[in-house]
Amino acid sequence: MASDVLERIGLYFDELYKIRVLDPELAQQTSQLKDECKEFVDRITKFQEIVESFIHLVAALAEEVEREKMKAIGSRNLLKSVAKHREFQQQQLQALITEKKLQLERLRIQHEALRKEEAEQKEFMESFLLHS
């Protein structure tokens, strides 16, 4: 009966028969909720640490991918440059070959003309020696 009167005015006895302002069952639930909240906060903190490490890892991978991408672009540009240079060299060599062929043809014609002249001079000398 006395405990009913005290409960009505907001005073309670706990399991050790100490006077409490809060209902012991409610205090137990509050304590349990506090423990669950602490555990939840700890889990969230661990999750946040895992997420942060994952974000750092992804950022590092993104930087590495970007570096490799730049290397690939540089290599592709270098390859294009080498190909253009090779094409330019090929054109120069082709022009040189054409020039040398023309020079060869000119020298062949000149050689043929000199051979004809030599043959004519030999013929002239032979005829001159025979008539003298």
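A residue is called buried when its relative accessible area is under 20%, exposed when that value is over 50%, and partly exposed in between. By this measure, 2% of the 132 residues of the protein count as buried. The structure is a predicted model, and every value given here was computed from it. The accessible surface of the protein comes to about 12,700 Å². Carbon and sulfur atoms account for 62% of that surface.

The protein contains 2 helices and 2 strands. Read from the N terminus, the order of these elements is α-β-β-α. Helix α2 covers residues 24-131, and the residue pairs described below lie in this helix. Within the range of helix α2, the UniProt record, an unreviewed entry, places the feature "coiled-coil region" at residues 90-117. In the model, the chain over residues 90-117 is 100% helix and 0% strand. The C-alpha atoms at the two ends of this stretch are 40 Å apart.

Side chains of opposite charge can pair when their charged atoms come close. The count of salt bridges in the model comes to 6, and three of them are described here, beginning with the pair formed by glutamate 39 and arginine 43. In this pair, the closest N and O atoms are 2.9 Å apart. Glutamate 39 and arginine 43 are 4 residues apart in helix α2, so about one helical turn separates them. Glutamate 39 is partly exposed, with a relative accessible area of 42%, whereas arginine 43 counts as exposed because its relative accessibility is 56%.

A further salt bridge joins arginine 67 to glutamate 64, with the closest N and O atoms 2.5 Å apart. These residues, arginine 67 and glutamate 64, both belong to helix α2 and are 3 residues apart, about one turn of the helix. Arginine 67 has a relative accessibility of 45% and therefore counts as partly exposed. Glutamate 64, at 33%, also counts as partly exposed.

Arginine 115 and glutamate 112 form another of the salt bridges, and their closest N and O atoms are 3.9 Å apart. This distance falls within the 4 Å that a salt bridge allows. Arginine 115 and glutamate 112 are 3 residues apart in helix α2, so about one helical turn lies between them. The relative accessible area of arginine 115 is 47%, which means that this residue is partly exposed. Glutamate 112 is likewise partly exposed, at 33% relative accessibility.

Two surface patches were also examined. A nonpolar surface patch of about 680 Å² is made by Phe47, Val51, Phe54, Ile55, Leu57, Val58 and Leu61. One of its members, leucine 57, is located in helix α2. Leucine 57 counts as partly exposed because its relative accessibility is 49%. A patch member must have over 30% relative accessible area, and the value of 49% for leucine 57 agrees with this condition.

The other patch is negative and consists of Glu117, Glu120, Glu123 and Glu126. Among these residues, glutamate 123 lies in helix α2. Glutamate 123 has a relative accessible area of 58% and is therefore exposed. Residues that take part in a salt bridge are left out of patches, so the members of the negative patch, Glu117, Glu120, Glu123 and Glu126, have no such partner.

Terms used:
Residues numbered from 1 in each chain as written. Predicted model: local features only at pLDDT ≥ 70, side-chain atom pairs only at ≥ 80, totals over all residues. Heavy atoms only, no water. Patch = residues over 30% accessible without salt bridge, like charges linked within 9 Å, V, L, I, M, F, W, Y side chains within 5 Å. Areas by Shrake-Rupley, 256 points an atom, 1.4 Å probe, with all protein chains shown as cover. Salt bridge = Lys/Arg side-chain N within 4 Å of Asp/Glu carboxyl O. Lys, Arg positive; Asp, Glu negative; His and termini not counted. Charge placed at Lys NZ, Arg CZ, Asp CG, Glu CD. Buried < 20%, exposed > 50% of the residue type's maximum accessible area, 1.4 Å probe, protein only. UniProt positions renumbered as here; feature names shortened; annotations may be inferred.
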